[in-house]
Amino acid sequence: MTTSIQDCATASHPPPGAGDCPPAALRFGERLQHGGASVYRKSYDGAARLQIPGPSSGAGFLLGVSMTPEHRRRITRGELAGLHLFSQGDIYLRDLEDPYAAEVDAPFDFTLLEFSRDFFEAMADERIEPATVALSPVAVRRDPVLPHLACALLPSLARPAETCALFVEQILVAMGAYLVHAYGGFVPAQTQPGLLSKVHEERAKAMLLSKVRGECSIPDIARECNMSASYFMKAFKKTTGQTPHQWMLSQRLARAQDYLRNSTLSLAEVATTCDFYDQSHFNRVFIQGTGMSPGVWRRQAA
């Protein structure tokens, strides 16, 4: 049996779309909220296989802290998928702008914290220059600080009527500041009105050029640039005028033209040297880029 929920929550009851979940299987704890941050608890008894879709929302960032000694889930991010094992105190961190899905068949108990982008922008206002936050996603990791801060919020979650609002606010601010310090940073706004900074552009291009035969992982490059995969794709295209794949093919095409003009390599050898899948792929890309076949282009360039 497979059930389905949305990876979010409202106070004390399942979110919209969770109506087909067995009530005894999935439980949502009280929700505390301050400004652009909120904290709640979600647990599951493992009674049925559970699908957790996380469609792109752009709302901010989600931090999960495992409260159980053992938990496993298969996580899919874009084209990447893998089985991840959580111990008590392990965390995950994801940008809610990125598509995410998980398949669970074992009990879990997570304290979840949602931080909006506005929450971090308020922190950025304390800086000299305007900035936006970029946090690197984490599938599962042991963190020395965040589980302790999350545990400090559990009494407030259990007894919300007795909660000290100032205490909750200070813990959430401390967690936000730690996330920025440990998992990302602020990027100056003047280098990022939808554009990559020069440093990030050069890093991304270097990684694209270092990969061969289409094995380049966009999520890996995005993590190196401390941004989500979807934001990276948009920023790269706005910066270069091409998608990462288009840019990578254009660089291979330029190399191929240089070999055709200045070497005696056969067309098959040029295709292999320039990291095309095969000569047929090379021919297709070359014709799309130049309007003529490699052989015709070589004769005209001679």
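Confidence in this predicted model runs from a mean pLDDT of 34 in strand β1 (residues 2–4), the lowest, up to 93 in helix α2 (residues 146–158), the highest. Here pLDDT is the predictor's confidence in each residue, on a scale from 0 to 100, while helices (H or I, at least four residues) and strands (E, at least two) are DSSP runs numbered from the N terminus. The protein chain averages 79, and 80% of its residues score at least 70. Residues 1–24 stay under 50, though the model still gives them 61 contacts (heavy atoms within 4.5 Å) beyond four places in sequence. Where pLDDT is low, the predicted coordinates should not be read in detail.

As for ground rules, residues are numbered from 1 along each chain as its sequence is written, and side-chain values use heavy atoms, with hydrogens and water left out. Local features need pLDDT of at least 70 and side-chain atom pairs count only at 80 or more, whereas totals for chains, interfaces and linings use all residues.

Overall, the protein chain has 10 helices and 14 strands. Of its 302 residues, 44% are buried, meaning under 20% relative accessible area (1.4 Å probe, protein chains only), with exposed being over 50% and partly exposed in between. Among contacts between residues at least 6 apart in sequence, 69% link residues at least 24 apart.

The largest nonpolar core, a set of buried Ala, Val, Leu, Ile, Met, Phe, Trp, Tyr and Cys residues joined through side-chain atoms within 4.5 Å, has 30 residues, and L63, L113, F115, F120 and M175 make the most contacts inside it. Elements that each supply at least two residues of this core include β4 (37–44), β11 (108–116), α1 (117–124) and α3 (165–183). Helix α3 gives the most, with eight residues. Another core lies apart from that one and has 16 residues, among them L50, L62, Y92 and F110.

Now for an arginine: R73 sits in strand β7 (residues 71–77) and is buried, at a relative accessible area of 3%. Its side chain makes a polar contact of 3.0 Å with that of H71; such a contact is a pair of N or O atoms within 3.5 Å, where within protein one must be able to donate a hydrogen and the other to accept it, and residues adjacent in sequence count only if both atoms are side-chain atoms. Leaving out residues up to four places away in sequence, R73 touches residues including Y92, E103 and F110.

The cysteines C225 and C274 are both buried, each at 0% relative accessibility. The structure holds zero disulfides, a disulfide being a pair of cysteine sulfur atoms within 2.5 Å.
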